[in-house]
Amino acid sequence: MLARLLLLTLAVTSLLASAEEDRVEQLLTQMTLEEKVGQLSQLGIQNTLSGPAIDPGELTHFPITQVGSVLNVYGAEHTRKMQEQVVQGSRLHIPLLFAYDVIHGFRTIFPVPLAEASAWEPELSRRVARVAAIEATASGIHWTFAPMVDIARDPRWGRVVEGAGEDPFLGSALAAARVRGFHGHGPPDLSSMMSTAKHFVAYGAAEGGRDYNVADLSERTLREVYLPPFHAAVEAGVEAVMPAFNELAGVPMHSNNALLTGLLRNQWGFTGLVISDFNAVWELIPQGLAQSPANTAQLAFNAGVDMEMASQSYRQYLPTQVGSGQVSRQSLDDAVRRVLKAKERLGLFDAPYRYSDEAREKASILTPQHRALAREAAQKSIVLLKNAGSLLPLPKSLGTVLVVGSLATDAQATLGPWAWAGHPQDSVTVLQGIQHAVSADTQVIYLPGASPDSPGTQGIAAAQQAAHDADVVIAVLGETADQSGESRSRAELGLPGAQDRLLRALLETRKPLIVVLMNGRPLVLSTNVQRAPALLETWFLGSETGHAVADVLFGDVNPSGKLPITFARSVGQIPLYYAHKNTGRPPLGDAAFESAYIDVPWTPLYPFGFGLSYTTFAYSPPRLSTTRLASTQTVDVEVTVTNTGQRAGDEIVQLYLRDDVASVTRPVRLLRGFRKVHLAPGQARHLTFTLGQEDFALLDERFIPVVQAGTFTVFVGGDSTTQNQARFEVTDSRRLSTPGPGAPN
Ligand code: NOJ
């Protein structure tokens, strides 16, 4: 019975699939060259705070009936109207795809991706992306330009905030989780949204951390570090990929046939859409690769960019180029087919307005459940960096609390960058969160003191004066939302404005002082910041910022976040990351001619994976199921983690692996596993990680994935500096049968 049902379902599904294909093929036969090229164009429409700026008069000038997709239009009503205009006003009634940057939530704003990565919880990332998709699709959006999966090891680069940090293993896990979250159960489910892995590839390696700048990497670093999260996104079913603005070793990514077609399409088997970045097709001109817009169209299309965002080179020049044979008709049809199939999958041919439903929009946005998830995600994203004398958590019954720093009341800052559909008035500021949390008898005083976007020092004296009279001072310091994100590179990474001077003045009062950092990148923390007894990294936490910060400050929540990116001591150390190579002269600190600095320690201020808790955890030495194994076998690494403190808490247990000797140099250690455990005071848990050939593998001199015989050191602990280790030996070498992301074509 079951088998028959299954057969029937399969038959119906394949019938439907072929009906869909028939429709797409049918359309292709009816379309003119111009109509086809139109489908490969995405119109960039300006968005304003109150919604997309669509002036009906202006609409008549917009050739929206001639494009395949629009960017930045949302709202059930707006999208319906525009869809109507396109479906009714175009010859073949092909609906639009509505695209938008849903980066960390839509109306309910969640922690910025770098913050969320501090939770090290792929399931949380999946749930967050799911809610973002529920809200955005209810507002008419079909397609998001997320997840951003760029590895970033240079905090000067403002877009560090949009990704998952410095590590490809953690980054891949979160990339896949976010893709799954946006996708949900998939169409025809109305909350399923197309996602985009961006920016392909090595955007995060921009020289000097300056946005859009050249990247010039070794092939090894590209394959080992920058490509894996994209591969993970493709494996998870991502529907689109966006090339990066940068060039890579002389070839702009928008004309990079080897990577867009050779690797992504042919080797990885990616069948979705390649959408250009904003205007980036045209930018091949200043990049020095094309002489004219006509040139750019040909170069980008032939490299493998299906759809052009914002610039209009495709619409203007591809038809002639197909006619003259500079662009193949077959490739054009393939690209159009991919666009039409995406529309078909979403059910838009049968029901073009299905995503634009005002009732659903009203019911889906900023619901109590969504806010609850935003609060949970925010709580889990906070990293406790320092807590001298167990100053935190604070009692709620304090007499007077002074809250200082303009960021404490900056609702826009709570949202962080890339949250255009979020409304600051929906956010709980840090001050509001504290006011809400303390006892009725506690007096909360607020003074701005200083602000990140002004050099003004006039508020400092009053703040210092008030600090003298307070029991506790909470200084909320960092960056505004606008100081990180796209084109927000910084060369200095200290606290902007007069915030550091404010801090010095507060320290002089010798009052218990907690620094709450709000920022989109690892800052270089001054000696004043380091002198503060307690330090919380809260990044930009979204709509529920204030509540989540107060939950941690006053102990309703025990912080559990761990840094997904290294904190350098000095800008001069950048790039600084845990998975570095050893060099022939490792900095052991006992000889003069070592790989170190003479003026600053070479080590980070806070390493990757670091984060404290209000309790403490102890680790047993790792126990191995075997210390000698064949390359095809696995080894179990067991460790006992015990909560040795007085409070329940979550610990993120991290496993790192080092290949001690190999035919190419290897990083000193690589993250190969992580697990979050909840432990009551005194409770112990045994955890087992299983390592196998994928974990032992490396790319050899010819980039062939191999396991090489020899010893491996495994480290298990609470951050990337743990020395809790054991060693095992793999007794034979072999080539891996699965190529993996980094293998050559
Ligand atoms: C430029 C950004 O680089 C990209 O990430 C974004 O998706 C597009 N603009 C569209 O807003």
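Which residue in β8 is the bridge partner of K198? The views below are taken from a predicted model, and the first of them shows that M242 is the partner.

**View 1. β7, β8 and β11 form an open sheet of 3 strands.** The strands follow the order β7-β8-β11, and their pairing is parallel. The edges are β7 (196-200) and β11 (273-274); each has a single partner strand, so one side of each is left without a neighbour in the sheet. Strand β8 (residues 240-243) is joined to β7 by 4 bridges, and the two run parallel. K198 and its bridge partner M242 in β8 belong to this part of the model. Both K198 and M242 are also listed among the residues that surround the ligand.

**View 2. The ligand sits in a shell of residues that includes R159, K198 and D277.** Others in the surrounding set are D101, F145, H199, M242, F245, F278, M309 and E486. By residue class, the shell divides into 5 nonpolar, 1 polar and 5 charged. Three side chains are shown with their polar atoms close to ligand oxygen. For R159, the distance from a polar side-chain atom to an oxygen atom of the ligand is 2.6 Å. For K198, a polar side-chain atom is 2.8 Å from an oxygen atom of the ligand. In the side chain of D277, an N or O atom lies 2.6 Å from an oxygen atom of the ligand. The protein buries 93% of the 300 Å² that the ligand exposes when taken alone.

**View 3. Strand β18 (residues 534-537) is covered on both faces.** A534 and L536 lie on one side, L535 and E537 on the other, and all are buried. Strand β13 (residues 383-387) runs antiparallel to β18 and is joined to it by 4 bridges. Within this pairing, V383 has E537 as its bridge partner. Strand β17 (residues 513-518) is also joined to β18 by 4 bridges, but here the strands run parallel. L517 stands opposite E537. E537 is thus shown with V383 and with L517.

**View 4. S381, in helix α15 (residues 368-381), is buried.** The relative accessible area of S381 is 0%. Its side chain reaches the backbone oxygen of A377 at 2.6 Å. A polar atom of the S381 side chain also lies 3.4 Å from the backbone oxygen of A115. Not counting residues up to four places away in sequence, S381 touches P111, A115, E116, S118, E537, W539 and L541. One of these contacts, E537, is a buried residue of β18.

**View 5. Helix α19 (residues 499-508) has buried residues that pack against several elements.** Q499, L502, L503, A505, L506 and L507 are buried. The buried residues of the helix pack against β14 (400-404), α18 (460-468), β16 (472-478), β17 and α20 (527-531). R510 follows α19 and has a positive phi, near 60 degrees.

**View 6. S356 lies in the loop between α13 (329-345) and α14 (358-364).** S356 is buried, with a relative accessible area of 2%. The side chains of S356 and T79 make a polar contact at 2.8 Å. Leaving aside neighbours within four places in sequence, S356 is in contact with A76, T79, R80 and G140.

Note on methods
Residues numbered from 1 in each chain as written. Predicted model: local features only at pLDDT ≥ 70, side-chain atom pairs only at ≥ 80, totals over all residues. Heavy atoms only, no water. Buried < 20%, exposed > 50% of the residue type's maximum accessible area, 1.4 Å probe, protein only. Pairing = 2+ DSSP bridges. Polar contact = N/O pair within 3.5 Å; in protein donor to acceptor, adjacent residues only side chain to side chain. Contact = heavy atoms within 4.5 Å. Near = heavy atom within 4 Å. Areas by Shrake-Rupley, 256 points an atom, 1.4 Å probe, with all protein chains shown as cover. Nonpolar A, V, L, I, M, F, W, Y, C, P; charged D, E, K, R; others polar.
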